[in-house]
Each structure stands twice: as C-alpha cells, then as structure tokens.
Protein chains: 2
Amino acid sequence: MKPPKKTPTMSDVAREAGVSPMTVSRAFKSDAYVNEETRKAILAAADRLGYVMDSMASGLSSRKTGFVAVTIPSINNANFADTVRGLTEGLQAKGLQVLLGYTNYNQEEEERLVRQLLTRRPEAIVVTGGTHTGKCRAMLENAGIPVIETWDIPADPIDSVVGFSNADASAKIVAHLVETGRTRIAFLGGDASRDTRGFDRRRGFIREMESRGLDATRLVEAGPPPISMREGADALARLMSRWPDTEAVVCVSDLAAFGAMTECQRRGLAVPGTIAIAGFGAYEISDICVPPITSIDPHCYRIGLLAARRIIDLLSDGPDSETESHTLVEPGLLVRASTFSDCNP
Amino acid sequence: MKPPKKTPTMSDVAREAGVSPMTVSRAFKSDAYVNEETRKAILAAADRLGYVMDSMASGLSSRKTGFVAVTIPSINNANFADTVRGLTEGLQAKGLQVLLGYTNYNQEEEERLVRQLLTRRPEAIVVTGGTHTGKCRAMLENAGIPVIETWDIPADPIDSVVGFSNADASAKIVAHLVETGRTRIAFLGGDASRDTRGFDRRRGFIREMESRGLDATRLVEAGPPPISMREGADALARLMSRWPDTEAVVCVSDLAAFGAMTECQRRGLAVPGTIAIAGFGAYEISDICVPPITSIDPHCYRIGLLAARRIIDLLSDGPDSETESHTLVEPGLLVRASTFSDCNP
DNA sequence: TTGAAAGCGCTAACAA
DNA sequence: TTGTTAGCGCTTTCAA
C-alpha cells in the first residue's frame with residue numbers, strides 16, 4: 001500500500017513534460033499565461049505521475065498559505081459548526097482553506113491553540129468571543145494578519161468583529177416573557193466564571209429583570225460549559241426545589257432548555273401552562289420537540305459567511321473595502337409554544 | 001492593529017540572542033542538545049521579538065508537517081465530532097495536528113477534498129467510510145502515507161481500518177425488536193443511493209428480517225443524508241399512512257428517530273405501546289428524551305482514539321507494531337423505554 | 001555543544 | 001509564452 005518511492009515533485013513533472021519547472025508551476029495556477037497545449041501536456045504528465053502539488057512549499061515561496069485559522073469552543077456544537085460552514089463556504093471561492101481548532105471553552109487552551117495555529121502562517125484568523133488571555137491577545141495583535149472576533153461584541157476589539165450582543169439577546173427573551181405575563185423568572189446557565197458568552201447572557205437577564213423592577217436572583221448554575229441536556233434537566237430539578245413558584249426559565253442554550261423541558265415532563269409540570277421555557281441558539285431540536293421551544297436565532301451560518309467576506313475584503317489589496325470593520329448580526333426572537341400557548345399546534 | 005513589519009524569523013532571533021540560527025532551531029526542539037543557559041537566552045529573545053515558529057518552513061525542510069488529514073461527512077454531527085475529538089486528543093501527545101475537512105456525504109466532494117488535503121502533505125490520512133471514487137482511492141493508495149478507513153468494514157480496504165459493521169448493528173436492533181414481540185417492523189432511512197453507511201444499515205435490516213422470515217419491505221426514504229429530525233418526522237407520517245399497522249421502526253439515526261417520535265406524540269401514538277422506535281448513534285438526545293430511545297452506541301470517540309493510536313504506531317518507525325491493521329469496534333445495543341416498557345422510569 | 005553549507009519544493013522577478 | 005536565478009524559513013548533515 002505504501003510505495004517506497006517518493007512523491008513526485010514539480011521538477012519530475014517538468015522533465016516528464018519536457019518543460020521547465022516554472023512552466024509547470026504556471027500550468028497549475030489557472031490565471032497564468034501558459035500555452036493551452038503546453039498546459040494540457042503538463043496536466044497529462046502530472047496525472048501520469050500521480051503528482052499532487054505541495055502547497056506547503058508553494059506557501060513558503062509565495063507567502064500565501066491559503067489557510068484561514070478558526071477557533072471555536074467546541075467541535076461538538078451545531079451552532080459553531082454552522083459558523084464554520086459559513087466560513088468554509090464563503091472562503092472556498094477564493095481558494096482559502098479553514099484550519100480549525102477548538103478550545104474546550106478554555107482561555108488557556110485558546111492561547112495554546114492560537115500559538116499552534118499561527119505557526120501555520122494563516123492569512124487570517126477567526127476567533128470565537130472577545131475575551132482572551134493577555135498573551136493570546138498579544139499574539140493576535142502582532143500576527144500581522146486580519147483578526148476577526150465573532151459571536152460577541154468585544155468592549156475593546158482587536159481588529160474586525162462579526163457578532164452580536166449576548167446580553168441583549170437575553171433581554172429580548174425576558175421582555176417577551178414579561179409581556180406574556182410572567183414575573184417570577186429564573187435563569188439557568190453555566191458557572192459564571194468560565195463561559196463568557198453564557199455569562200453575558202446571564203448579565204443581560206439580570207439587567208433586564210432589574211430594569212423592570214423584577215427579582216433577578218433566581219439563578220441556577222449547571223456547571224462549566226458546555227451545558228448538556230442532562231445538566232439542564234438536573235438544574236431544573238434544583239430550580240424547582242429551591243423556587244417552586246417559578247413561572248418561566250431562560251436557559252443559556254436550547255440544549256439545556258430541552259433537558260429542562262424533559263424534566264418537566266417527568267415531573268408532570270405543564271409547559272408552558274405551569275412553567276414557560278426559553279432557550280438560545282435555534283438548534284433544530286427546539287423547533288421540532290413537543291412543545292417547540294422559544295429560542296434566539298443568532299444566525300450562526302451568516303456570522304461565518306460575513307466573517308469570510310470580511311477576510312476576503314481585507315486580503316484583496318484594493319482599498320475599496322465593501323465590508324464594515326464591525327458588523328452587528330441582530331439575533332432574532334423565535335416565539336414558540338413553550339412560552340406562548342396560542343402557538344400550540 | 002496590523003504592524004507593517006514582517007514577522008520575525010529564526011535568524012532575527014539568532015541575531016537577538018547572539019547565536020546561530022541552527023542553535024535557535026535546536027532550542028525549540030526540546031529533545032535537542034542545547035546548553036540550558038543558551039536555550040533560556042534564546043527563548044527570552046524569541047519572546048522579546050514575539051517570534052512564532054514557521055512550521056510550514058520547518059515541515060518543508062524536515063519532511064514532517066505534523067498534520068494528520070481527516071475527512072468526515074458533516075461537521076454538524078455529534079457522532080463524527082466525537083471521532084474527531086478522539087483523534088485530536090490521541091494525536092496531541094505526539095505533536096500531530098488534525099487538518100479537518102468535510103464531504104457533505106458526497107464522494108465527488110470527498111475526492112476534491114482529499115486532493116486538497118494531500119496538497120498539505122499530511123503524515124497520515126483518516127477517512128470516513130470505505131467507499132470512494134476511483135480517483136480518490138488511487139490518490140489515497142499513492143499518497144505514500146498511512147490511510148485509515150473508519151466507521152465501516154470495507155470489503156477491500158486501502159490500508160488500515162478502525163470500524164464496525166453497520167449492517168450488523170441494524171441486525172442487532174431487529175433481533176431485539178423481534179425478541180420483544182414485534183414482527184411488523186419498518187426501516188426509516190435516507191435515499192439508498194447516497195449515504196453508504198445508512199445504506200448498509202438498511203441492508204442489515206433487510207437481511208435480518210428476511211432471515212427471520214419477516215416482511216422486509218416496509219422501507220421509507222427520507223431524502224439524501226444527513227436526515228434531519230424534521231425529515232424523520234415527515235417520514236414517519238408517510239410510513240403510518242402507508243402501513244398503519246406498523247409495530248416498530250428502525251431509524252437510520254437517533255435524530256431521525258427523535259423526529260419520528262415527536263410525530264407520534266403529535267398524532268397521539270403511544271411509544272412504545274402502539275409503536276416502538278429505535279435509533280442509531282447514542283446521541284445525547286436519545287438518552288434524555290421522554291421516553292428515552294433505544295439506540296446503538298458505535299463508540300465514536302473510541303474509533304478516533306484507536307485510529308490515532310494506529311497512526312502513531314505506523315509513524316514511529318520501530319517495527320514493533322502494537323496495533324492491528326484492522327480493528328473492529330463492536331457497537332453496543334442500548335435498550336431503552338422506546339422499545340421496552342419495563343425500562344420506563 | 002555549536003556552527004556552516006546545502007537544499008527541502010516551490011514561486012517572484014526578471015530576462016529572453 | 002517560456003526559462004533563469006535567487007531565495008522563502010527552516011532543518012539535515014557534517015565539521016569544529
């Protein structure tokens with residue numbers, strides 16, 4: 001299976017085709033001037049030899065690796081996966097390839113990862129969130145490439161931003177719950193210390209509750225992120241034993257929300273009759289479960305796509321920038337039956 | 001934000017530290033002989049300059065890029081995400097980095113992707129499944145690196161294999177359903193033509209049904225993969241209108257199974273009383289939903305981990321191979337309340 | 001323990 | 001339209 005012979009190089013192809021290596025190089029870049037017949041002959045020779053370009057060597061020489069580094073908190077999350085899809089698809093047209101890494105929701109891990117990724121000399125880097133360790137931030141600032149922070153509106157951005165306010169998203173949910181008659185509302189999220197975006201959602205919850213003169217102390221912590229469905233269920237159990245008269249729960253994500261809802265089903269608590277439940281993320285499950293769960297759509301795919309556009313814009317050296325340095329992607333409120341009886345099918 | 005000065009090179013660090021570039025190179029490889037004080041001075045100089053190694057140049061020179069290429073059908077799937085986690089974590093100790101790409105369950109796309117990935121000169125490549133286009137297979141065979149096929153037991157393996165029989169997994173489910181008294185059993189899956197693993201599960205279903213003398217024609221197609229929860233729900237609706245007396249459904253994945261179950265809830269069909277539902281993949285949702293769904297655990301993370309071990313084994317040039325060329329990871333049957341009343345909580 | 005020379009596979013820049 | 005020269009940033013190999 002493993003032939004001992006080395007992989008052929010451009011010179012091998014050149015010899016096979018009877019041209020110089022440079023001509024082979026041109027033949028592989030579609031935009032270069034090469035005689036059409038020569039190109040055909042070269043491509044045929046390459047095919048005969050099973051030649052595959054070495055884009056590492058190419059990148060070293062041209063100073064264009066074709067990589068865009070991307071960090072996400074977890075690879076096992078449909079939201080971030082959608083953002084990565086948006087990036088991949090948006091970047092593909094320009095021949096840019098995503099180099100992905102995940103941080104496990106951990107800033108030290110992010111620092112390690114960013115260092116490793118920069119080692120590959122990406123042409124741009126996309127990070128999730130706007131909070132980093134000092135060293136990580138310094139590396140990003142000194143990398144000399146476009147940096148895009150996403151999924152957040154950082155107070156002090158490094159460079160470009162494509163994101164939304166997690167706090168405002170929570171506020172939107174609170175407003176909806178209050179408008180539909182609830183006042184005893186709880187927030188179910190992760191430990192305040194680790195998940196910055198989850199923490200922002202919690203902050204937004206507290207701010208909005210207090211601004212409406214409501215009690216904002218019903219806060220249940222479900223452990224470090226990511227919060228699983230199971231943890232959502234357990235947290236709901238704790239919530240109901242501590243504050244049994246709770247009328248609504250704002251969950252840090254749809255996964256926690258769905259877990260909480262299953263716990264309600266097990267306990268015979270009617271949703272939304274006895275307790276209303278809201279999530280975050282517009283995961284498929286919140287749309288299809290019974291009853292469907294009210295959620296916030298952060299437009300994950302779109303965030304990726306806009307980040308890709310911004311990168312392409314920054315990398316094409318014309319000064320005719322068509323994208324903004326800071327792009328706000330306004331999250332949408334999806335009102336569904338878990339908070340609003342008239343929505344019931 | 002973007003300093004115009006170029007990123008510093010090893011020579012810059014060497015000058016700053018008053019040594020030769022070669023010594024700097026050694027200082028960064030922990031296993032090389034360098035005076036401890038010299039190393040400290042070099043690392044300090046590197047820090048002062050904000051130096052980050054160029055592993056592309058390093059890879060070109062040493063012929064070791066540190067990449068392991070990995071292709072999965074979809075990035076938005078918890079099962080494949082777990083396999084990637086296993087790979088990433090298993091490879092990390094040896095300083096190998098996963099270079100990930102996804103194929104959208106499409107073999108032409110896989111061919112394109114494999115070509116692109118080989119361009120980066122990975123030291124090994126892991127692919128999902130054992131069916132590829134001819135060109136793709138040829139590229140893999142000629143790449144001169146270890147190739148691991150996963151999530152399948154290919155009839156004609158390219159090189160190493162870490163997987164399981166999708167057909168046998170289905171058969172296991174059928175056996176369980178028949179043993180618990182069902183005979184009118186349906187299979188709910190994707191279009192037969194596209195998703196090879198889904199097709200294998202369907203094949204296993206038919207084989208097992210027929211071997212038990214049961215009718216194996218209740219087959220509903222839910223479109224091209226991936227099958228969403230929504231498609232699972234729609235397919236169940238079609239199933240019940242075509243064969244209303246169906247007693248059990250074997251679904252191609254837990255996501256389809258959960259969608260199907262929500263449809264049952266909407267129609268007032270009792271699960272498992274009226275109809276039993278089984279899935280595949282041991283996704284979290286099948287464990288927590290009400291009732292929990294019987295599933296097959298393919299041990300996704302373990303597949304990734306074992307593939308990583310195999311790669312490390314193959315790459316470390318000692319002939320003392322501790323791993324098998326073909327590793328079978330036996331899937332586990334998770335019997336839960338959606339097929340078995342006594343399991344009800 | 002350190003350094004000098006050569007070159008990994010490719011492309012920019014120039015020349016023909 | 002094609003070729004030549006030089007060199008990208010690093011490591012291998014050999015010598016000191």
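These are my notes on two protein chains and two DNA strands in a predicted model.

**Ground rules.** Since the model is predicted, I keep local features at pLDDT of at least 70 and side-chain atom pairs at pLDDT 80 or more, while totals for chains, interfaces and linings use all residues. Residues count from 1 along each chain as its sequence is written, chains are lettered from A and ligands numbered from 1 in the order written, and side-chain values use heavy atoms, with hydrogens and water left out.

**Entry 1: the two copies.** I laid chain A on chain B: the RMSD is 0.1 Å, after a turn of 180° and a shift of 0.0 Å along the axis. That is how a two-fold axis relates copies, which is why I call it one. The same surface serves both chains, as 100% of the contact residues of chain A recur in chain B. The fit is least squares on C-alpha atoms of residues with pLDDT of at least 70 in both copies, and contact means heavy atoms within 4.5 Å.

**Entry 2: DNA strand C.** Which residues come nearest to strand C? Of the 26 around it, they are Met10(A), Ser25(A), Tyr51(A), Thr23(B) and Arg63(B). I call a residue near a strand if one of its heavy atoms lies within 4 Å of it. Of the strand C atoms within 4 Å of the protein, 68% are sugar or phosphate and the rest belong to bases.

Next I checked polar contacts (pairs of N or O atoms within 3.5 Å; within protein, one must be able to donate a hydrogen and the other to accept it, and residues adjacent in sequence count only if both atoms are side-chain atoms). A backbone N or O atom of Asp54(A) sits 3.4 Å from a phosphate oxygen of strand C. Base nitrogens turn up too: one is 3.3 Å from a polar backbone atom of Ala57(A), and one is 3.1 Å from a side-chain N or O atom of Ser61(B).

Which helix gives the most to this surface? It is α4(A), with five residues. Helices here are DSSP runs of H or I, at least four residues, and strands are runs of E, at least two, numbered from the N terminus.

**Entry 3: DNA strand D.** Strand D also has 26 residues around it, the closest being Thr23(A), Arg26(A), Met10(B), Ser25(B) and Tyr51(B). Sugar and phosphate make up 64% of its atoms within 4 Å of the protein. On the phosphate side, I find an oxygen 3.0 Å from a side-chain N or O atom of Ser20(A) and an oxygen 2.5 Å from one of Thr38(A). Arg26(A) goes to a base instead: a polar side-chain atom lies 2.5 Å from a base oxygen. For this strand α4(B) gives the most, again five residues.

**Entry 4: helix α5(A).** Buried or exposed? Mostly covered: 11 of the 15 residues in α5(A) are buried, meaning under 20% relative accessible area (1.4 Å probe, protein chains only). Among the buried ones are Phe80(A), Val84(A), Leu87(A) and Leu91(A). The cover includes α9 and α13 of chain A, plus β2 of chain B. At the N-terminal end, Asn77(A) is the cap, with a side-chain oxygen 2.8 Å from the backbone nitrogen of Asn79(A).

**Entry 5: helix α13(B).** This one has 16 residues (300–315) and reaches 23 Å between its end C-alpha atoms, close to the expected 22 Å. That expected span is 1.5 Å times one less than the number of residues. Its buried residues include Cys300(B), Arg310(B) and Asp313(B). Among the elements covering them are α5 and β1 of chain B.

Methods
Buried < 20%, exposed > 50% of the residue type's maximum accessible area, 1.4 Å probe, protein only.
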